[in-house]
Amino acid sequence: MINRRFMLIIVTGLLLTGCVEKEIIDDVNIEMGVGYDTKENGEIEGTIMVPIFNPDKKIGNFTFSASATSNRDLVEEIQRKSAQPVVAGSLEIVIFNKEIAKKGIGDFIDAFERDPSIGARVYFAVADDKAKEILSGTYGTRGNAIHLSQLIKHNTETRNLPTTNMHSYLFDLYQEGKDPFLPILKKTEPEVIDITGIALFKNEKMVSELPSDKMFFFKLLTDKFSEGSFKLVVDGEDVTIKDLHSRNKFKVGKREPYIVDVEIKIKGLIHEYTGEIVTPEVIKKIAKELEDQINKEATKMIQDFQEEGIDPVGFGQFIKTKTRGFDFKRWEDEYKNLTVNVKTDVIITEVGIVE
């Protein structure tokens, strides 16, 4: 009985193995990063980054670049330059320069969306200057693609970047009442890449951007903090609040014209304070100052979105779920007249270092 079961396992394993297309790692170039830039002659320059596995276990980087008028032709050109087939099963990040993002990234996204070998957690990003320049650097010992994807992941989990990847971008793109956004990457030093802002899209075109100092308030509206920090000045003293936890809640207060109440709740500890002592009165002042600042900045940001005709927060999608017979044909005008009341409640849980 045991032998028959053992033979059945072996046969099943052989059959399953025969169904999988084999690719030896030494016989292919593994595409881990892709970048797209515009050229002066109207062509597109595509750059593919592949890892080089060195004997010392450090991972190097090699890039192939080619120019063409379409994404499909770019792939053919790059394959022609490669001594081994280029495969995309381990793709980590795709970067578009701003010029391409402003013209529209739909044709490029379509190719990745249709490729079953590419996972939905691939990161998309916009390059402040050239995508090729970012991919051609040297960052860390695990390869550029891993470094860049970890950069985005870290800033999502512990900093001010809202959740963003291929899945979230496509979800926002295809649903009515919410517009997508992507992080903006910039090479600030030869071996340093920084997230300098957020690119805001209308359909498939980048139409605006948020600077890095506004990302904190944007994340409060679109995501939640499980770990985070924020610096502010209260009565001339510098304050750093860390271990921020936040959540938001939307409510429809009125219809025709619509009014939406946004409640933001934050908990955090005072990590640094340059004053002499943190009294209960000081804690109240700090909490009140942070509440006022968030309410002001978030309200102004939403008003700017309304003027630009974009809805990255997703008010349209939210109101649709709360309104029977909601008509998106009327929403464009209704969105301009939408009133959003932002109310923030800050709770200081602990006090840390006092300088």
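Biologist: What makes Phe 250 and Phe 315 count as buried or exposed in this predicted model?
Modeller: Both Phe 250 and Phe 315 are buried, and the word is used for a relative accessible area under 20%.

Biologist: Why is the pair of Phe 250 and Phe 315 called stacked?
Modeller: Their ring centres are 5.5 Å apart, with 20° between the planes. Pairing needs centres within 6.5 Å and stacking needs planes under 30 degrees apart, so this pair is stacked.

Biologist: And what does the pair of Phe 250 and Phe 315 tie together?
Modeller: Phe 250 belongs to strand β12 (residues 237-254) and Phe 315 to helix α10 (residues 315-322), so the pair ties together parts that are 65 residues apart in sequence.

Biologist: Why is the pair of Phe 216 and Phe 225 called tilted?
Modeller: Here the centres are 5.3 Å apart and the planes make 40°. That angle is neither under 30 degrees nor over 60, so the pair is tilted.

Biologist: How do you know whether Phe 216 and Phe 225 are buried or exposed?
Modeller: Phe 216 has a relative accessible area of 1%, and Phe 225 has 3%. The limit is under 20%, so both are buried.

Biologist: What makes you say that a charge sits over the ring of Phe 225?
Modeller: The charged end of Lys 219 is 4.9 Å from the ring centre. The distance limit is within 6 Å, so that part of the test is met.

Biologist: How many aromatic pairs are there, and which residues do ring pairs link into a cluster?
Modeller: The structure holds 22 aromatic pairs. Ring pairs join Tyr 36, Phe 96, Phe 108, Phe 112, Phe 124, Tyr 169 and Phe 201 into a cluster.

Biologist: Lovely. Now, why are β4 and β10 called edge strands?
Modeller: The open sheet has 8 strands, in the order β4-β3-β2-β6-β7-β8-β9-β10, with mixed pairing. Strands β4 (59-68) and β10 (205-211) each pair on one side only.

Biologist: How do you know that β8 and β9 pair?
Modeller: They share 8 bridges in the antiparallel sense. At least two are required, so β8 and β9 count as paired. Within this pairing, Phe 181 stands opposite Leu 200 in β9.

Biologist: What makes Arg 80 exposed or buried?
Modeller: Arg 80, in helix α2 (residues 71-81), has a relative accessible area of 59%. Exposed means over 50%, so Arg 80 is exposed.

Biologist: And why is the link between Arg 80 and Glu 77 called a polar contact?
Modeller: Their side chains are joined at 2.8 Å. The distance limit is within 3.5 Å, so the value fits.

Key: Residues numbered from 1 in each chain as written. Predicted model: local features only at pLDDT ≥ 70, side-chain atom pairs only at ≥ 80, totals over all residues. Heavy atoms only, no water. Helix = DSSP H or I, 4+ residues; strand = E, 2+ residues; numbered from the N terminus. Phe/Tyr/Trp six-rings, centres within 6.5 Å; stacked < 30°, edge-to-face > 60°. Buried < 20%, exposed > 50% of the residue type's maximum accessible area, 1.4 Å probe, protein only. Lys NZ or Arg CZ within 6 Å of the ring centre and 35° of its normal. Polar contact = N/O pair within 3.5 Å; in protein donor to acceptor, adjacent residues only side chain to side chain.
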